[in-house]
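This briefing introduces selected features of one structure to a reader who has not met it before. Please look over the sequence and the model below, and then read on.

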Amino acid sequence: MKSLLLLPLLTWCCVAADFKLGLLAPLRTLAGPEILPRKLVALAGLLAVKHVNERDFGLLGRVDSLALTHNISLLLGDTLSDAGIAVERVLEFQGENIHAIVGPTFSSTAVPVSYVAGAMSLPVLSYAATS
């Protein structure tokens with residue numbers, strides 16, 4: 001269902017033939033128990049990109065009017081659930097000329113990421129942060 005959120009973002013900011021998305025997710029953790037199945041977030045992102053690139057919108061129903069003519073590439077950034085590392089990943093993404101950031105997961109990382117990405121005019125769409 002979260003891949004539905006990407007379609008408006010993609011149609012809004014894609015004028016080029018290729019579109020780079022940066023996905024920030026806590027694939028590993030610095031300390032403590034696993035809070036959620038971390039690698040599933042990355043797999044879901046990869047699957048959504050695969051569906052868009054193959055124009056396979058079976059789960060979405062009819063989307064003929066979108067006229068998607070671009071392909072998406074996904075760069076994964078492991079935040080380790082740490083705000084400082086998440087900001088480092090955004091700065092690394094800057095060198096990759098990404099168009100938007102999906103994630104990070106938690107508000108504790110999403111808030112600092114949004115400040116840095118905002119200064120770079122990069123839209124950020126968090127899939128789980130509450131503030």
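In which helix does Leu46 lie? Leu46 lies in helix α2, and the model in which this is seen is a predicted one. The points below begin with a nonpolar patch on the surface, then turn to the salt bridges, of which the structure holds 2, and end with a buried threonine, Thr109.

**The nonpolar surface patch**

- Leu40, Leu43, Leu46 and Leu76 together make a nonpolar patch of about 370 Å² on the surface.
- Helix α2, which covers residues 38–53, supplies the largest share of this patch, with 3 residues.
- Leu46, one of the patch residues, has a relative accessibility of 41% and therefore counts as partly exposed, since that category runs between the 20% and 50% limits.

**The salt bridge between Lys50 and Glu54**

- Side chains of opposite charge can pair when their charged atoms come close.
- Lys50 forms a salt bridge with Glu54, and the closest N and O atoms of the pair are 3.2 Å apart.
- Both partners are partly exposed, Lys50 with a relative accessible area of 41% and Glu54 with one of 49%.

**Arg89 and its surroundings**

- Arg89 lies in helix α3, which is made up of residues 83–94, and its side chain meets that of Glu92 in a salt bridge with an N to O distance of 3.4 Å.
- Glu92 also lies in helix α3, and the two residues are 3 residues apart, which is about one turn of the helix.
- The two partners differ in their cover: Arg89 counts as buried because its relative accessibility of 17% is under 20%, whereas Glu92, at 46%, counts as partly exposed.
- A polar atom of the Arg89 side chain also lies 2.9 Å from the backbone oxygen of Asp78.
- When neighbours within four places in sequence are left aside, Arg89 is in contact with Leu24, Gly77 and Asp78.

**Thr109 in helix α4**

- Thr109 is found in helix α4, which spans residues 107–119.
- With a relative accessible area of 1%, Thr109 is buried, because the value is under the 20% limit.
- Apart from its neighbours within four places in sequence, Thr109 is in contact with Ser81, Asp82, Ala83, Ala86 and Pro104.

Methods:
Residues are numbered from 1 along each chain as its sequence is written. This is a predicted model: local features need pLDDT of at least 70, side-chain atom pairs count only at pLDDT 80 or more; totals for chains, interfaces and linings use all residues. Side-chain values use heavy atoms; hydrogens and water are left out. Patches are made of residues with over 30% relative accessible area and no salt bridge: like charges are joined within 9 Å, nonpolar side chains (Val, Leu, Ile, Met, Phe, Trp, Tyr) within 5 Å. Accessible areas come from the Shrake-Rupley method with a 1.4 Å probe; for residues, only the protein chains shown count as cover. A salt bridge is a side-chain nitrogen of Lys or Arg within 4 Å of a carboxyl oxygen of Asp or Glu. Helices (H or I, at least four residues) and strands (E, at least two) are DSSP runs, numbered from the N terminus. Buried means under 20% relative accessible area, exposed over 50%, partly exposed in between (1.4 Å probe, protein chains only). Contact means heavy atoms within 4.5 Å. A polar contact is a pair of N or O atoms within 3.5 Å; within protein, one must be able to donate a hydrogen and the other to accept it, and residues adjacent in sequence count only if both atoms are side-chain atoms.
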